[in-house]
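Morning, everyone. I have a few surface and cysteine points to go through, so please look at the screen.

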Amino acid sequence: MLKIIRKRGVEIIVALMAFFIYSFHSGNEWNKIIHADGKGYYGYLPAFFIYHDPSFKYMDTHNIKYYGHGSYLDFTVGYNGPTIDKYFSGVAILHLPFFLTAHLIAKISGLPADGYSLIYQLFLVFGALVYFYLGLRALNRLLLYFNPNQWAALLIVFLIAIGTNLFDFVTCDPDYSHLYSFFAMNVFLLAIYRVFHFQARKYLWLAALSLGFITVLRPVNILILLSLPFLAGSFRNFLAGIKTVFRADRKLLVAFLLYCFPVFVQMGIWYWETGHIIVYSYVGERFYFGRPMIGTVLFGFSKGWFIWTPLAFVGILGYFFYLKNNKFAFWAFACFFLALTYVISCWWTTDYGLCFGAREFIEFLAFPAIGLALLFGNITSWFLKCLLGVVCVLCLMLNLLQFYQFRHHIILWSGMTAEKYWRVFGKTDKSYEGVLFKEAINYHAPDSANVPNSAISEKYINGFETPDFWGKYELRDTIHHHSGRWANYLDRERMFSATFSKKLSPTDISGDSMVQASVWANGIAPLNAQLVVTFNKNAKTIAWNYVDIVLFGRNDNKWAKYTIHANFPKPSDSADEMKIFVWDVNAKEPLYIDDFEVDIIKKNNLNGVR
């Protein structure tokens, strides 16, 4: 048995992860695995191979069919006129074989061959598991160069897979880029290590191709090149490796072409979308290199890497062993890690979105893994080794605990503080679910009760007492209501509430106005509902804002109020319509809403209210 585990340990880990994926999604709808950012990473495939649509207009129909809203294109941006996919194409390129297989099966079997039906969702999971497996295999082989003990290497691979936030991005978000970047990064590190230490030119091609995918998955990850001196292990090896590369002659030319292949594919996609081969698609998002937040991204309670993934901190400690026997490797790693953290910390948001932990470091998990290999290899005392093992297991358990808290709304998806972290630390009881979310709900806007009447230029209220007010809506209820006799409700068949719609006037978009919307809601957990404001141009969404509706246990006497505000778009955006609605994307039980209020507020008349 032990021999089988040692030989097939990585396969066992992947099988275990497949079980976790099934367990997580068994209570949810499998046809929504492609979601959120993942729609953007994946969207190139159906857009190119099925619909031949570089502006993603086909998603208006498929969003209604699979996600519930025709114009909610949350992965597209306007770029000098055309609408383009915000995200890079690396995931789509790597997933292409699995997409084409799913498409062929759909065609042959008569299933909906639309790129989003169940067969495509399942093959996305299958493809993600394949790259997860390949990434773990590459990591396992890399670790053996730093610690030849196979059991130690396998244990570290298990810890990285289950004891870090990689676990979340395999089980819950396999459509995001981080899993694929983890694969490409580990393959590159393994190949370049062999180039430097064995002067093995045959691995140059693999290193170049994987570096190309690293570039088109997340371009900032090209910083991995700064780790080359560390991987070389010594200045002598580093120079020898560089000489090996440049003596490769034809192999070097082929390596360059292999690197360029995925890069040229990305440039071709941009040309297909816009007519330009170079595009900056993250419109309005950038790095601020003059204000690094290194302490925040490492130790901040909001998403700090060492707080949310303490195993990474333990791994980094392993590099201090190099101070004793290889100062070059220590300082090479220190310079690389500092430069990487500096750049990552300069992004416009250190939270990196509504995600579990510091997702920006997932692709670099090989480095804490190497540190763990150094720890297990250099500690000679069995007592200290056992103590290290206990610490690693505790880190793994904490990761799974925080994963549970994250997915059950006990810890915030963004905006955690030290006080909030310790208040719910270790808590799993249902009484803690949503508590922090309810406290944070209204931070977006001034409370409507505090807005002076002189600041409100227009007010709209819908108590749902009239069946066709704000358009026709069929679902009204007389049992659950906040006031009056009626309330609107959403269910599995109708994921959208009555929608407030307003044609925008020049006064609205003059820069002096903002909109505030509030709704009273009542439902049963788990919910994935939002109060959404969208601004549209020619019936296509160009900007939006939302606030999560988090309810845990219905109490008819205690409805919860949710408030949001948003600034109107600039005149140059040419928005012509605003819509406000409640959206329950994974409706299992009815969600009741009542007393829906929309206020148009003149900001100059707020008199300091915030």
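Leu 323 sits in helix H16, which covers residues 322-325. This is a predicted model, so keep that in mind throughout. Is Leu 323 buried or exposed, or something in between? Its relative accessibility is 32%, so Leu 323 counts as partly exposed, the range for that class running from 20% to 50%. Leu 323 also belongs to a nonpolar patch on the surface, of about 590 Å². The other members of that patch are Phe 299, Phe 313, Leu 317, Phe 320 and Trp 331.

Next, charge. Which residues gather in a patch of positive charge on the surface? They are Arg 201, Lys 243, Arg 247 and Lys 251. Of these, take Lys 243: helix H11, residues 235-246, contains Lys 243. With 48% relative accessibility, Lys 243 is classed as partly exposed.

Now the cysteines. A disulfide is a covalent bond between the sulfur atoms of two cysteines. How many disulfides does a search of the whole structure find? Zero. As for individual cysteines, Cys 172 has a relative accessible area of 4%, so Cys 172 is buried. Cys 386 has 49% and is therefore partly exposed.

Last, Gly 78. Strand E1, residues 76-78, includes Gly 78. The relative accessible area of Gly 78 is 54%, so Gly 78 is exposed, the cut-off being over 50%. Along the chain, Gly 78 and Val 283 are 205 residues apart, and their C-alpha atoms are separated by 8.1 Å.

How values were computed:
Residues are numbered from 1 along each chain as its sequence is written. This is a predicted model: local features need pLDDT of at least 70, side-chain atom pairs count only at pLDDT 80 or more; totals for chains, interfaces and linings use all residues. Side-chain values use heavy atoms; hydrogens and water are left out. Patches are made of residues with over 30% relative accessible area and no salt bridge: like charges are joined within 9 Å, nonpolar side chains (Val, Leu, Ile, Met, Phe, Trp, Tyr) within 5 Å. Accessible areas come from the Shrake-Rupley method with a 1.4 Å probe; for residues, only the protein chains shown count as cover. A salt bridge is a side-chain nitrogen of Lys or Arg within 4 Å of a carboxyl oxygen of Asp or Glu. Lys and Arg count as positive and Asp and Glu as negative; His and the chain ends are not counted. The place of a charge is taken as NZ of Lys, CZ of Arg, CG of Asp or CD of Glu. Helices (H or I, at least four residues) and strands (E, at least two) are DSSP runs, numbered from the N terminus. Buried means under 20% relative accessible area, exposed over 50%, partly exposed in between (1.4 Å probe, protein chains only). A disulfide is a pair of cysteine sulfur atoms within 2.5 Å.
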